[in-house]
Amino acid sequence: MNASAALSFIIWDVNPEIFNIPLLNHPVRWYGLSWALGFIISQQIMYFIYKKENRPAKEIDDLTLYLIIACILGARLGHVLFYDPVHYFNNPWLIPAVWEGGLASHGGGIGLLVGIYLFTRKTKVNFLWIADRLTIVCALTGALIRLGNLMNSEMIGIPTHLPWGFIFTLVDDIPRHPAQLYEAIHYFILFIVLFRLWYTRREKFQNGFLTGWFFIILFTIRFVDEFFKINQSEFENEMLLNMGQLLSIPFILAGIAILIYNRKQKKVLPESEPDQL
């Protein structure tokens, strides 16, 4: 591509590494920072939510631990099982190497559900009540993680001639859709909508309302945005729908099922009693 043509697009030449940790000689990367910020900011928002609803803040501390472990384990195992199982089964010592990269958002979503289940089993808090509140911060964390992907020049889009195309210089000199940025914007808008619905109308909703719509909207967004990305693994090139799209379908169906269940509930549970079933 000549220089004049390149001027029509956005040149993205960002170093994925922010700095090296002294003595350890290990880099701090934008992607890892985005995960950390997601958890930290989400925890503070959950403190606000719990204070607003007169719930004990200590639950948030316990919940955060459950979710961090469950999300990272789920995201890693999701990447291993969904995108490159043969490689990792032949090299099992690489499975725990999260720092080398390789986290799948669908696996992270499954991990979060398991973490919520284990937390609610211990505390007796209603599963859908806590899930409704967590959808708010999950949307924000998803936006931050996609920005981390952008800073890493990964999950890049298919080629485009649109003026907002990005040339990821660490990859090639082809202008591409900034697919990570598309998702980040969509998730941030979803975060604003969910937070506003909770803040202004939570007393009108039954448990599961926000969770159902979250699954349907977020994973529909993910399904559509996959059309703008290159495939993450070679085996997807032979598939009509890629792995990200196939994995989104069960979440969308789960959202529909939750809304059907939600509509069948004859009694709206008081917000002060989230431990009731």
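## A tour of the predicted model

Begin with the whole protein chain in view: of its contacts with a separation of 6 or more, 70% are between residues 24 or more positions apart. The model is a predicted one, and its protein chain has 277 residues, of which 46% are buried. If you switch on a surface, the accessible area you are looking at comes to about 14,900 Å², with 67% of it belonging to carbon and sulfur atoms. Now colour by secondary structure, and you will find nine helices and five strands, which follow one another from the N terminus in the order α-β-β-β-α-α-α-α-α-β-β-α-α-α.

**First stop: the sheet**

Select β1, β4 and β5, which form an open sheet of three strands in the order β1-β4-β5, with mixed pairing. The edge strands, each of which pairs on one side only, are β1 at residues 10–12 and β5 at residues 175–176. Strands of a sheet pair through backbone hydrogen bonds, and they may do so in a parallel or an antiparallel way. Next, keep strand β4, residues 166–168, on screen together with β5: the two run antiparallel and are joined by two bridges. Which residue of β5 is the bridge partner of Phe166? It is Arg176, and this residue is worth keeping selected, since its side chain also meets that of Asp172 in a salt bridge, at 2.6 Å from N to O. Arg176 counts as buried because its relative accessibility is 9%, whereas Asp172, at 21%, counts as partly exposed.

**Second stop: helix α2**

Move to residues 30–52, which make up helix α2; its 23 residues should span 33 Å at 1.5 Å a residue, and the C-alpha atoms at its ends are indeed 33 Å apart, so the expected and the modelled span agree. Show the side chains of its buried residues, among them Tyr31, Trp35, Phe39, Ile45, Met46, Ile49 and Tyr50; Gly38 and the serines Ser34 and Ser42 are also on that list. What do the buried residues of α2 pack against? Their partners are strand β3 (26–29) and the helices α3 (58–83), α6 (127–151) and α7 (179–201). Before leaving, select Asn54, which follows α2 and has a positive phi, near 55°.

**Third stop: salt bridges**

The structure holds nine salt bridges, and side chains of opposite charge can pair in this way when their charged atoms come close. Select Lys58 and Asp62, whose closest N and O atoms are 3.1 Å apart. Both belong to helix α3, and because they are four residues apart, about one helical turn separates them. Lys58 counts as exposed, with a relative accessibility of 57%, while Asp62, at 28%, counts as partly exposed.

Then select Arg146 and Glu183, whose side chains meet in a salt bridge of 3.2 Å from N to O. Arg146 lies in helix α6 and Glu183 in helix α7, so this pair ties together parts of the chain that are 37 residues apart in sequence. Are these two residues buried or exposed? Arg146 counts as buried, at 6% relative accessibility, and Glu183 is buried as well, with a relative accessible area of 0%.

For the last view, return to Asp172 and Arg176, the pair at 2.6 Å, and then add Arg222, Glu226 and Lys229 to Arg146 and Glu183, since salt bridges that share partners join these five residues into one network.

Conventions. Residues are numbered from 1 along each chain as its sequence is written. This is a predicted model: local features need pLDDT of at least 70, side-chain atom pairs count only at pLDDT 80 or more; totals for chains, interfaces and linings use all residues. Side-chain values use heavy atoms; hydrogens and water are left out. Two strands pair if DSSP finds at least two bridges between them. Buried means under 20% relative accessible area, exposed over 50%, partly exposed in between (1.4 Å probe, protein chains only). Contact means heavy atoms within 4.5 Å. Accessible areas come from the Shrake-Rupley method with a 1.4 Å probe; for residues, only the protein chains shown count as cover. The expected span of a helix is 1.5 Å times one less than its number of residues. A salt bridge is a side-chain nitrogen of Lys or Arg within 4 Å of a carboxyl oxygen of Asp or Glu.
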